[in-house]
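Q: I'd like a close look at one part of this structure. Please start with how confident the prediction is, then take me through one pocket and a helix beside it.

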Amino acid sequence: MCVDFTNLNEACPKDSFLLPRIDQLGDATSWHEMLSFMDAYSGYNQIKIDPVDEEATAFQMDKGLYCYRVMPFGLKNDGATYQRLINKIFKELIR
């Protein structure tokens, strides 16, 4: 299944939250003996949608009406939302 969020993305304002530069992250962590990378590529798909807002994500299929419970792929601000959450989680560890 593929959902086209073109109209929704055009209607939403751009979230200008700064995303990290991969080259700076690599330079800053290269001296660590042990390093773990989180799956940032699809991490936004693990962010739960507020139950109040789930109804706004409703779509119809042949067997019924469904809605997303996590942030779906293809939204305009998914990367900024994910990065803001990660920064909040690791606030004490980030300079």
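A: Confidence first: going by mean pLDDT (the predictor's confidence in each residue, 0 to 100), strand β2, residues 64-66, comes out highest of the chain's elements at 90, while helix α2, residues 22-29, is lowest at 64. The chain as a whole averages 77, and 72% of its residues score at least 70. This is a predicted model, so local features need pLDDT of at least 70 and side-chain atom pairs 80 or more, while totals for chains, interfaces and linings use all residues. Residues are numbered from 1 along each chain, and side-chain values use heavy atoms, without hydrogens or water.

Now for the second largest pocket (an open set of 1 Å grid points where a 1.4 Å probe fits, with protein on both sides within 12 Å along at least five of seven lines). It holds about 380 Å³ of space. Its lining is made of 21 residues (those with an atom within 4 Å of a point), and L8, I49, T57, P72 and L75 sit nearest the centre. Two elements, α1 (6-11) and α3 (78-89), each give two or more residues to that lining. Sort the lining by class and you get 13 nonpolar residues, four polar and four charged.

Let's zoom in on α3, a helix (a DSSP run of H or I, at least four residues). D78, A80, Y82, Q83 and I86 are its buried residues (under 20% relative accessible area, 1.4 Å probe). And its length? With twelve residues at 1.5 Å each, α3 should span 16 Å (1.5 Å times one less than the number of residues), and its end C-alpha atoms are 17 Å apart, so the two agree.

Note on methods
Grid points are joined across faces, edges and corners, and a volume is the space filled by probe spheres set on the points. Ala, Val, Leu, Ile, Met, Phe, Trp, Tyr, Cys and Pro count as nonpolar, Asp, Glu, Lys and Arg as charged, and the others, Gly among them, as polar. Buried means under 20% relative accessible area, exposed over 50%, partly exposed in between (1.4 Å probe, protein chains only).
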